[in-house]
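Trainee: I'd like a close look at one part of this model, the nonpolar core. Could you walk me through it and set it in its surroundings?

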Amino acid sequence: MKLSHLFVILSLSHATSSYAEIYKRVDADGHVTYSSEPSKGGTKLYLKSVPTMQGTRESRRSTPEDFPKVDFQTQKRRDNTRRVILQDELASEEALLDKARQNLKTTENKPETSVGPDGNPYRSTAQYTEKLKSAQNEVALHEQNIKALQTEVSHLK
């Protein structure tokens with residue numbers, strides 16, 4: 001049995017009853033089984049209790065006394081400024097996404113051609129594939145940026 005399984009079993013048994021007895025049994029194949037019920041060939045484990053400490057009212061305070069505080073109006077102004085900045089970035093990213101999509105369409109509709117030594121045009125599949133992949137990556141990047149910015153805007157109060 002893996003150590004993580006043991007930890008889960010011990011945690012669960014401790015959560016259900018803090019005074020439950022734990023038994024360990026190893027079978028002939030070497031498989032270890034932990035149980036709160038005694039079994040044939042099993043041994044009782046004597047586990048030390050985990051020390052706990054009662055917190056005081058001061059230790060439960062989320063921020064220290066000398067932590068700088070910002071009044072409501074100042075925070076609201078900061079949030080509004082942040083919202084404006086994020087919305088401007090979002091608008092810029094949306095414009096860049098439109099350009100990237102147009103570039104992708106152009107790339108898809110215009111395969112790379114080159115003129116060979118004999119003067120005849122030929123298609124360069126490797127160059128076309130590379131340009132197409134680059135255009136697709138650019139679109140994906142702007143879509144990810146837009147999604148991240150939208151998430152940031154939605155988290156503002």
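Trainee: To get my bearings before the core, how many helices and how many strands are there in the protein chain?

Mentor: Three helices and five strands, and keep in mind that this is a predicted model. Going along the sequence, the order is α-β-β-β-α-β-β-α. On confidence, the chain averages a pLDDT of 82, with 83% of the residues at 70 or better. The low end is helix α1 (residues 3-16), with a mean of 59, while helix α2 (residues 72-109) has the highest confidence at 93. Where pLDDT is low, the coordinates shouldn't be read in detail.

Now the core. Buried residues account for 17% of the 157 in the chain, and the largest nonpolar core has 13 members. Within that core, Leu 86, Leu 104 and Val 139 touch the most other members. Helices α2 and α3 (125-154) each put in at least two residues, with α3 giving the most, seven. Take Leu 104: leaving aside residues up to four places away in sequence, Leu 104 touches Leu 132, Ala 135, Gln 136 and Val 139. Across the whole chain, of the contacts between residues at least 6 apart in sequence, 45% link residues at least 24 apart.

As for the surroundings, strands β1 (residues 22-26) and β2 (residues 32-35) pair antiparallel over four bridges, and Tyr 23 sits opposite Ser 35 in β2. Five residues lie between the strands of that hairpin, where Gly 30 has a positive phi near 90 degrees. On the outside, the chain's accessible surface is about 13300 Å², and carbon and sulfur atoms hold 54% of it.

Key: Residues numbered from 1 in each chain as written. Predicted model: local features only at pLDDT ≥ 70, side-chain atom pairs only at ≥ 80, totals over all residues. Heavy atoms only, no water. pLDDT = per-residue confidence, 0-100. Pairing = 2+ DSSP bridges. Core = buried A, V, L, I, M, F, W, Y, C linked by side-chain atoms within 4.5 Å. Buried < 20%, exposed > 50% of the residue type's maximum accessible area, 1.4 Å probe, protein only. Contact = heavy atoms within 4.5 Å. Areas by Shrake-Rupley, 256 points an atom, 1.4 Å probe, with all protein chains shown as cover.
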